[in-house]
Amino acid sequence: MSTLVALARAQALAAGRAQPIATVRHLHVHDRPLVLIPLAMAGEANAPLAALLGTDPNSPHLLVVGQPRNRDERFAFTADLAATVVPYLDSFAGETEAVPVDRGRDVRHRFVHAPQVWVPNPGGVDFLRLLGRSTRFRRTDGDYPVPASVPLLGQWLTFLASSAEVPGSALLVNAVQALGLHWATGQSAAEDAHLGSLFAWIIDGAQAAREAEDGPVAGPATDPDFDNRVLAPLITTNSSPQMTEVLRELLMPTWDRMWQSIALLRQWPEGARVGSRWDGDRDAYSAFVTHLHEEGTPQPRHDGAVAAAGRLQRLENAAARYAVQRAFDDPLVMAEHRLTGAAFSGVVTLAKADRIDDTGKRPVLRPRIMVATTETVRVEPGASLTSPARPAQKAKVISVTPTVSGTDVVLELSGGMGRKLVAEPGSVPEIGEQMLLTTLSEAYRPGASLPDPSDTPWTHGGPPLHHGDVSAE
Amino acid sequence: MNQIDGLQDSADGLRGSADRLRGSAPGKRHNARTVAALTGNPGCTRRAVLDAAGVDKVRLAEQIGFPGAFGQSRFALARGNAFEAMLKADDCALLRSTLGAYVGGYEDLGVDEEDTLSARHSRTRAVLASGAEGLLDHPLLTLEVAGQTVFLEPDLITHQTGEQLQVVEIKSFAVIDGQADGASVSAAAVQAAVYVLALRQLLGDDRVSHDVVLVCPENFSMQPVAVVLDVRKQLSTLRRQLSRLASVSTLIDALPDTVSFDLAQPVPALLASIDTLTARYAPECLSTCEMSVYCRQQASGRTAVLGRPVRESLGGIETVDEVLALASGAASPTPAQVEAAALLRAAATLRDEALNR
């Protein structure tokens, strides 16, 4: 928890109202998202009880399992869920665009659009992951056959849930996290997990938030009291129509809040780098659609050693990139880094834009500037800094000198100034310009190379056995 | 037998002053869960005294108008019971095959009732001391908590093999592909550690294994799977926290005579009694303590209600008003606050600059 966000929480508590902790939206908000609110049966391992879903705020589609402990009803529910969800997910696999790869020597194709599914909270994501796990290995033949759409839904849900682990991915979004990224409330993170309460802090304030705590839950777990008083008698007496009504009443407030949250976030201006992250999501979606059309094997229960290491590397890179991109997009997020000394803002007091370094084989353009700042500077000579205003340009720290009023930092610039020995106009900061410099860098970091899965060394379990995972439970 | 009588005496002694606090209602007993919660927030006098006095905190909270949601779904209970019954059917056939414990007897010491306490405790000691191989269900254990001997509500099986005794806990949360819900597992581990500690106090450290066995349903079926958990870490935490707990008897003796938690009293009198006990509220209380909603209300305006990480980021300053005054420069910091105040001022300046751009 950064001091800046902590301060926003203190301000929210004093004001009785949630306070913004961002100035731009850090999340892609889809034009046609699918909202899905799952509800689980208490005590069971991932037994669905109901789901409210749809792409139109005015026509929610409710699915209910009358007897959650009956396997056949559960799989009928999954088939119904698949009948709505799979066509939605498929509907974006149409129009494609060409993306140059290998420095323009080749192209690949990706879909222009991708789906976006919204669930209320992290629990909803976990529920979908487990539902994916319990259905993707189901067989369409044998003793307990299920419709082909059931294992297909399982694969889709597994794909969505694992993409939700990638920081900055927006294929499967949970509303609690999305709102929490933009507002700080005057309560603890544990209390924020209740969507109704978090939403009320943003819209109506602290008093309404307290009242919302006793209101209907956003799933997937139900309230024990609701289970005992309302649900149990209905399940015992097998009164499906009544149960449908009760569950609709329970889920509708969350449904409305979800759509209001989406509308609320849509009003924010989008961060400059949100689009490039959505490009990554479209890549992932395109690759998964291709996989389904080609082999279509379900994702394994456990990643093999090489796949796990690769996945961990991708997640780490995504997390680092996401943190940097958010700071570059948003001065309020960058302020957190300024507070810790990883970034500072100052005024250019000296600039030699035409300085040439001719000590090497060829003369190169290496302008130097001096920046005076009153903020904490925690950089050493030799460090490489960047400025969000000129992300392609590197600034190497030559010297850091304390002065009466703060610090003077001398920097040597390289890159982002054109190919000639004279800098392009505007590419070198001028005297008097206010600029922000940071140790954060967007530069691509190549990962370690990993062996082919079939060459997994014995120290890591040897090559994985294929198709052993496909057997039914 | 003398030891048991002595133990009964000391329990009775404390019960005397505790009974006075509780009034006419029957006492609530400690269980592994309450001991675990107590050690989770050892600085909270309110919880320590109310638990020691056996006050029904659920009803107390309802009475003063701050009820919490601490029910358990009957579906979850039904599934837990069904799973346990299935394991214990036919002389524990399924449990034995899951544990790989085919030999030895099985003895159930029966349900948790007040009037059989000392009989069950002596039977537990006798069976465990004999060292015979087998399974012992519902043994009655005691543990010293804050200078008070508490009987633990026993819902576990001990499994004797050779020299070592192992705690077996049956839980109904699922283990899926070798993974289970982290919160459930850590709660189970702390509870099991409480039992291990109690058994070690009874039999000596080397007789009881620090590896406990968790029996859970596997994947999406009811098939049981046994998982071994090492609870050494939980044990040492528990030991340290228990040693830090101030002696509850001293706390109770220091209370004025007017303090009473008899639920028959009018609400203002109850509130006055509750307020003589200092609480240490943290948001974690909301999921573990029945009094938490009231304590949260009382703590409003304090940085503690925002959670420990936020409080630490704010330099550990007590109230939100103080934080905002230091951040705006309206108040001058005490020597201890200088560093925190400088950071808060910088944060406030940066925040204003970014928001008013």
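Begin in this predicted model by selecting A:Ile37, A:Ala50, A:Leu160, B:Val194, B:Val196 and B:Leu344, which touch the most other members of the largest nonpolar core, a set of 201 residues. Then colour helix α7 of chain B, residues 182-203, since this helix is worth keeping in view: the largest share of the core, 10 residues, comes from it.

From that selection, centre the view on B:Leu344 and show what surrounds this residue. Leaving aside its neighbours within four places in sequence, B:Leu344 is in contact with B:Gly315, B:Val323, B:Leu326 and B:Ala327, and also with A:Leu7 of the other chain.

**Where the chains meet**

Next, select the contacts between the two chains, where 40 residues of chain A are in contact with 42 residues of chain B. On the chain A side, the elements that give two or more residues are α1 (3-15), α3 (122-135), α6 (189-192), α9 (224-236) and α13 (331-340). Highlight α1(A) among these, as the largest share of that side, nine residues, comes from this helix. If you then colour the chain A side by residue character, you will find 19 nonpolar, 11 polar and 10 charged residues.

**Chain A: domains and sheet**

Now hide chain B and colour chain A by its domain assignment, which gives domain 1 (3-306) and domain 2 (341-438). The centres of these two domains of chain A, taken over C-alpha atoms, are separated by 45 Å.

Turn next to the open sheet of five strands in chain A, whose order is β4-β3-β2-β7-β8 and whose pairing is mixed. At its edges stand β4 (61-64) and β8 (172-174) of chain A, each with a single partner strand, so one side of each is left without a neighbour in the sheet. Looking along the sheet, you can follow how neighbouring strands are turned by 20 degrees against each other on average, direction ignored.

For a view of one pairing, select β7 (residues 117-119) of chain A together with β8(A): the two run parallel and are joined by three bridges. Within this pair, A:Trp118 has A:Val173 in β8(A) as its bridge partner. Then add helix α10 (residues 240-266) of chain A, which lies across β2 (34-40), β3 (48-54), β4 and β7 of chain A and runs at about 140 degrees to β2(A).

**Chain B: domains and sheet**

Bring back chain B, which has 15 helices and eight strands, and in which buried residues make up 39% of the 357 residues. Among the contacts in chain B with a separation of 6 or more, 64% are between residues 24 or more positions apart.

Colour chain B by its domain assignment, which gives domain 1 (2-70 + 243-298), domain 2 (74-230) and domain 3 (306-355). The C-alpha centres of domain 2 and domain 3 of chain B lie 49 Å apart.

Select then the open sheet of six strands in chain B, arranged in the order β1-β2-β5-β6-β7-β8 with mixed pairing. Its edge strands are β1 (105-108) and β8 (224-230) of chain B, each of which pairs on one side only, and the twist from one strand to the next averages 25 degrees.

Finally, zoom in on β2 (residues 134-137) and β5 (residues 157-161) of chain B, which pair in the antiparallel sense over four bridges, with B:Leu135 standing opposite B:His159 in β5(B). The tour ends back at α7(B), which packs on this sheet and touches β5, β6 (164-170), β7 (211-217) and β8 of chain B, its direction making about 150 degrees with that of β6(B).

Key: Residues are numbered from 1 along each chain as its sequence is written. Chains are lettered from A and ligands numbered from 1 in the order in which they are written. This is a predicted model: local features need pLDDT of at least 70, side-chain atom pairs count only at pLDDT 80 or more; totals for chains, interfaces and linings use all residues. A residue is buried if 20 or more other C-beta atoms lie within 10 Å of its own, exposed if 12 or fewer, and partly exposed in between; C-beta atoms are placed from the backbone. Two residues are in contact if their C-beta atoms, placed from the backbone, lie within 7 Å. Domain bounds come from an automatic or database domain assignment. A nonpolar core is a set of buried Ala, Val, Leu, Ile, Met, Phe, Trp, Tyr and Cys residues joined through C-beta atoms within 7 Å. Ala, Val, Leu, Ile, Met, Phe, Trp, Tyr, Cys and Pro count as nonpolar, Asp, Glu, Lys and Arg as charged, and the others, Gly among them, as polar. Two strands pair if DSSP finds at least two bridges between them. Axes are lines fitted to C-alpha atoms, for helices over the stretch in contact, and angles run from 0 to 180 degrees between N-to-C directions.
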